[in-house]
Amino acid sequence: MVKTLVFGQVREDIIEENTLGVLNKLTEISGISEVIVALFGHQIKDEWISELGKHGASRVVSVKAPELEVYLSRPYVKAMLEVIEKTEPKLVIAAGTVYGEDLIPRLAVHHGVSCAQRINDITIVGDELHFHTPVRDDQAMKVTRIEGAIKFATSRSGAFFVNENPTGGSPNVESFDVSFSEEDMLVKHIEIKKAERTVNLKDAKVIVAGGRGVGGKEQFQIIRELAEILGGEIGATRACTDVHWIEETYEIGQTGQSVSPDIYIAAGISGAPQHVSGIKAKTLIAINTDEGAAIFNFADYGIVGDLHVILPILKQKLQG
Amino acid sequence: MKIIVFIEQIVSTQVKLKGVDYFDSSRVSEDDLVINPSSKNALEGALKLKDQLGAEVTAVCVRGLKPNKALREAIAMGCTDAIEIADETIYTDDPLLLAKIYVETLGQIGEFDLVFLGVEEQSTGSYAIGAMLSEKLGLPSVLYAEEIEVIDSGYKVGHVLEGGRKIVAMPSKGVISCSDSQYFTPRYTSMRGILTAKRAEIPKWTAADLGLSSSVVGKEAASLIEVSFSNIVLEKESYIIKEGEPEEKVENLLAKLKEDEIKLGA
Ligand SMILES: Cc1cc2nc3c(=O)[nH]c(=O)nc-3n(C[C@H](O)[C@H](O)[C@H](O)COP(=O)(O)OP(=O)(O)OC[C@H]3O[C@@H](n4cnc5c(N)ncnc54)[C@H](O)[C@@H]3O)c2cc1C
């Protein structure tokens, strides 16, 4: 039986949803015996603990310290190593967020082993854990196992569903202290520049999204026009919000919004895993000049061509 | 000031090899090999600091079928020099082994201030090397950087974060992995750079030169072990229109959507 320790992540004052997804996945695997969650912060809220319990955590181990208010590699590695020592898990897993992907490989190094990042499945074969990682734009699947007493892994963002009606109970809670030195705080937090979320794309039925291939701020006009004709919303990649071609609120993906429209039109978007992980569309249509672009592997329909030629024609045909 | 950039050479994603074939080296030619775009972001990060602070930038390539080609391009972009690590016994699919090799390489190089890497690894897909390397070195690090500003105490670095961007301050010695933000948009090679690259002598180090035996960096030392590697079979084929005039392509798409009873509007 596999005792498992999950890195509990909180975002915007609630348990981050990929972490809940990991918990739900673990409850589905019969060989997982106990699910422990490590929770760090300056404050630990009761709501977080009960939410974790509902989603399958049987035990929550928390460490409270001002140094743990915001994720920083060193203090978090230190605290997590102590939790590992106390709880003796066989599997240590985190949701594949920026923080999760930073933490897990470091913990693995301290235990002298490698780790499996961005998995979308775990299976138990005999008494071995197998980690499934899609590679090459989801064209191939690599299954790996890890040597060593403790296995370390992160899930891929968006890989596991969050159970809407979780039935778990209240977990046992314990907490302990970890002390930090100046050496642990060499990297200093300055600020988090939160992207303004003024438009909610979650319920949009149609999204016309543009990527770096759009080419500029003014050129985004055709994306807006097409979205308007289709009665939908616009979307964009981080490459576009990074350069302020379009407001940050329209970023879709791991670090932007998650969307599940009926129709998603991706124009001038290469199909980076961090972007596509935020899209669960019934129908995805891609327009890209590069026939080899990854987005075509995720698309149901596509046109190889220049979006500035294709989209105006599409617009005209839809209007006419 | 000295900056080391670890780069990776990959098979261009333009090469039309599907699934596992993409990783089969017998199917690719030298022309198909390029610097991983993500490694180019790392080169740009180092070269920006070189422009600003006058650093020496050394590119190192361990992974690739013809590392020498990638390293010449790195010099053509503006790197001061380059080192090729080539040894058939080295197993590069395990990020921990790779991090070990990087640590030994840095030990052999001697003094350095910053280490730059790209965030994406096409070959291992592990996304773990930056974190593992900094942990093994015991150096501070910022992963998924999007911008760097020089400050008195070191660097102010913005990095990717769910829901926005996080800004941290790090000391002047450490590890940075670079995303493909505008700040790290790679520069082109210059004519002068290409000439310098042609003439450059690129030393070639083996595992033995780094004091590493195959029992330490070979496949038998790996802790991440491949159980299987196979193509994912898709339930349905995608309908991608490649041929025809633009107008025909759009008509073709609309006709197919109609046939499949898919309504475009909300
Ligand atoms: C930790 C992390 C989290 C991230 N989170 C996100 C996220 O949430 N969302 C997100 O989007 N990104 C995210 N990113 C960034 C992501 O990795 C990619 O860099 C980004 O998605 C690329 O955007 P793009 O497809 O617009 O640009 P590119 O990758 O540059 O692709 C542009 C595409 O446009 C095509 N093109 C060019 N001209 C034309 C034309 N005229 N007509 C048609 N096609 C054309 C090109 O062939 C190319 O395929 C994240 C990165 C990291 C490291």
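So, K256 of chain B: once you set aside its neighbours within four places in sequence, what is K256(B) in contact with? Two tyrosines, Y301(A) and Y239(B), so to speak one from each chain. Keep in mind that this is a predicted model. K256(B) sits in helix α7 of chain B, which covers residues 246–259. And is this lysine buried or exposed? Its relative accessible area is 19%, and buried means under 20%, so K256(B) counts as buried.

Okay, while we're on chain B, let me zoom out for a second. You've got 266 residues here, and 52% of them are buried. In secondary structure, chain B comes to 7 helices and 12 strands. If you put a box around its C-alpha atoms, along the principal axes, you get roughly 65 × 45 × 40 Å. The accessible surface is about 11,800 Å², and carbon and sulfur atoms hold 47% of that. One more for the chain: take the contacts with a separation of 6 or more, and 72% of them join residues 24 or more positions apart.

Next up, N41(B). This asparagine is in helix α1 of chain B, residues 37–53. Its relative accessibility is 5%, and that's why it goes down as buried. So what does N41(B) touch, leaving aside neighbours within four places in sequence? There's C178(B), S179(B) and D180(B), and then F184(B), T185(B) and P186(B). For a sense of distance, pick E251(B): 210 residues from N41(B) in sequence, and 39 Å away in space, C-alpha to C-alpha.

Last thing, a helix pair with one partner in each chain. These are α4 of chain A, residues 98–110, and α4 of chain B, residues 129–137. Their axes are 8 Å apart, and the helices pack at an angle of about 45°. That angle is why we call α4(A) and α4(B) oblique to each other. The crossing itself, α4(A) past α4(B), is right-handed.

Who makes the contact? From α4(A), it's D102(A), P105(A), R106(A), A108(A), V109(A) and H110(A). From α4(B), you have A131(B), M132(B), S134(B), E135(B) and K136(B). Sort the residues of that contact by type and you get 5 nonpolar, 4 charged and 2 polar.

That's what I had: the lysine K256(B) touching Y301(A) and Y239(B), the buried asparagine N41(B), and the right-handed crossing of α4(A) and α4(B).

Methods: Residues are numbered from 1 along each chain as its sequence is written. Chains are lettered from A and ligands numbered from 1 in the order in which they are written. This is a predicted model: local features need pLDDT of at least 70, side-chain atom pairs count only at pLDDT 80 or more; totals for chains, interfaces and linings use all residues. Side-chain values use heavy atoms; hydrogens and water are left out. Axes are lines fitted to C-alpha atoms, for helices over the stretch in contact, and angles run from 0 to 180 degrees between N-to-C directions. Helices (H or I, at least four residues) and strands (E, at least two) are DSSP runs, numbered from the N terminus. Angles under 35 degrees count as roughly parallel, over 145 as roughly antiparallel, 65 to 115 as roughly perpendicular and the rest as oblique. A crossing is left-handed if the near helix is turned anticlockwise from the far one by less than a right angle, and right-handed if clockwise. Contact means heavy atoms within 4.5 Å. Ala, Val, Leu, Ile, Met, Phe, Trp, Tyr, Cys and Pro count as nonpolar, Asp, Glu, Lys and Arg as charged, and the others, Gly among them, as polar. Buried means under 20% relative accessible area, exposed over 50%, partly exposed in between (1.4 Å probe, protein chains only). Accessible areas come from the Shrake-Rupley method with a 1.4 Å probe; for residues, only the protein chains shown count as cover.
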